[in-house]
Every structure is written in structure tokens, then in C-alpha cells.
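I opened this one to go through the strands, the core and the charged pairs. My notes follow, in the order I looked things up.

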Amino acid sequence: MPHTKTAFFYRAGALLAVLAASGCATSGGFSPTPKQADLATIQAGMTREQVLARVGPPTWVFGVWQEHLSIWNYRYSRTDCIIYQVSMRPDGIVRDSAQGYDPACDGPSHE
């Protein structure tokens with residue numbers, strides 16, 4: 001009989017591998033890095049589920065508490081200092097969306 005902890009971790013690892021493989025094989029309509037053209041189709045009034053189906057989960061999220069919004073940030077280009085931001089209301093409806101400056105960049109060059 002295999003050791004209980006070893007058997008558990010083996011089964012858990014196998015399950016994670018299956019889930020990862022199935023996640024990669026899904027046809028959710030989005031790629032790991034969303035394209036600018038796909039992000040540009042996000043409009044006010046869309047639901048959280050519609051955004052996720054179209055472009056996938058955001059790169060990172062932060063809250064704007066005074067406006068009760070979650071800002072979904074998508075980094076779609078590693079060479080430009082541009083991100084795409086989606087303002088999500090608490091009810092899961094997009095308020096607005098637009099390009100923004102990527103805070104991970106050093107900033108514009110002023111030569």
C-alpha cells in the first residue's frame with residue numbers, strides 16, 4: 001500500500017496536470033496575451049463574463065474605492081509602455097475602458 005501523503009500528492013499533481021492541459025485546450029476565444037484589437041472591442045455595458053470570454057483574465061487588478069470600481073489592467077505589449085484598462089463596477093458591468101500608461105515602465109524619455 002502506498003504511503004498516504006505520497007499517494008495524495010501524486011493524485012493532486014495528476015489532477016493539476018489534467019486541469020492545466022484542459023485549460024490550454026479550451027476554446028474560450030482568448031489567447032494568453034490579449035491582442036490590442038480584441039481589447040478595443042470592450043465597451044461600456046458589457047458583463048464581466050463577456051470580457052473574460054473575449055480577452056481572458058486581467059494581468060492585474062486594483063480598486064478605486066471612492067468610485068467603487070475595480071480596474072482591470074491588461075498588458076498586451078512588452079515593448080510599449082501602454083496597457084489597456086477596464087473599469088468594472090461592483091455589479092460586474094463595464095463602466096468604461098481605454099488605453100493607459102503602464103506603471104511598470106520607466107517613463108517617457110525626454111532627450
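**Strands first**

I started at the hairpin: β1 and β2 form it with 4 residues between them, and H68 in the turn has a positive phi of about 55 degrees. Helices (H or I, at least four residues) and strands (E, at least two) are DSSP runs, numbered from the N terminus. Before going on I noted that this is a predicted model, where local features need pLDDT of at least 70, side-chain atom pairs count only at pLDDT 80 or more, and totals for chains, interfaces and linings use all residues. Residues are numbered from 1 along each chain as its sequence is written, and side-chain values use heavy atoms, with hydrogens and water left out.

Back to the hairpin: β1 and β2 run antiparallel and are joined by 5 bridges. Two strands pair if DSSP finds at least two bridges between them. I looked up two of the partners: V61 bridges to W72 in β2, and V64 bridges to L69, also in β2.

On to the next pair: β2 and β3 are antiparallel too, over 5 bridges. Here Y74 has Y84 in β3 as its bridge partner.

How many residues of β2 are buried? I got 5 of the 6, so β2 is largely enclosed by the rest of the structure. Buried means under 20% relative accessible area, exposed over 50%, partly exposed in between (1.4 Å probe, protein chains only).

**The core**

I then pulled up the largest nonpolar core, which has 12 residues, including L39, I42, M46, W72, Y74, Y84 and M88. A nonpolar core is a set of buried Ala, Val, Leu, Ile, Met, Phe, Trp, Tyr and Cys residues joined through side-chain atoms within 4.5 Å. α3 (48–55), β2 and β3 are the elements that give two or more residues to this core. The largest share, 3 residues, comes from β3. As background, nonpolar side chains in soluble globular proteins tend to be buried together.

I checked M88 for contacts (heavy atoms within 4.5 Å). Leaving aside neighbours within four places in sequence, M88 touches R48, V51, H68, L69, S70, W72, I93 and V94. So the turn residue H68 from my first entry turns up again in that list.

**Charged pairs**

Next I counted salt bridges, meaning a side-chain nitrogen of Lys or Arg within 4 Å of a carboxyl oxygen of Asp or Glu. The count comes to 4.

R95 and E67 meet in one of them, at 2.7 Å, N to O. R95 lies in strand β4 and E67 in the loop between β1 (60–64) and β2 (69–74), so the pair ties together parts that are 28 residues apart in sequence. R95 is partly exposed at 36% relative accessibility, and E67 is partly exposed at 43%. E67, R95 and D96 are linked in a network of salt bridges.

Are D102 and R75 buried or exposed? Both are buried, and they form a salt bridge with the closest N and O atoms 2.7 Å apart. D102 lies in the segment after β4 and R75 in the loop between β2 and β3 (82–88), so this pair ties together parts 27 residues apart in sequence.

I also logged D91 with R89, closest N and O atoms 3.0 Å apart. R89 is partly exposed, at 33% relative accessible area.

**Last check: C105**

C105 lies in the segment after β4 (94–101). Apart from neighbours within four places in sequence, C105 is in contact with D80 and C81. I read 8.8 Å between the C-alpha atoms of C105 and I82, which are 23 residues apart along the chain.
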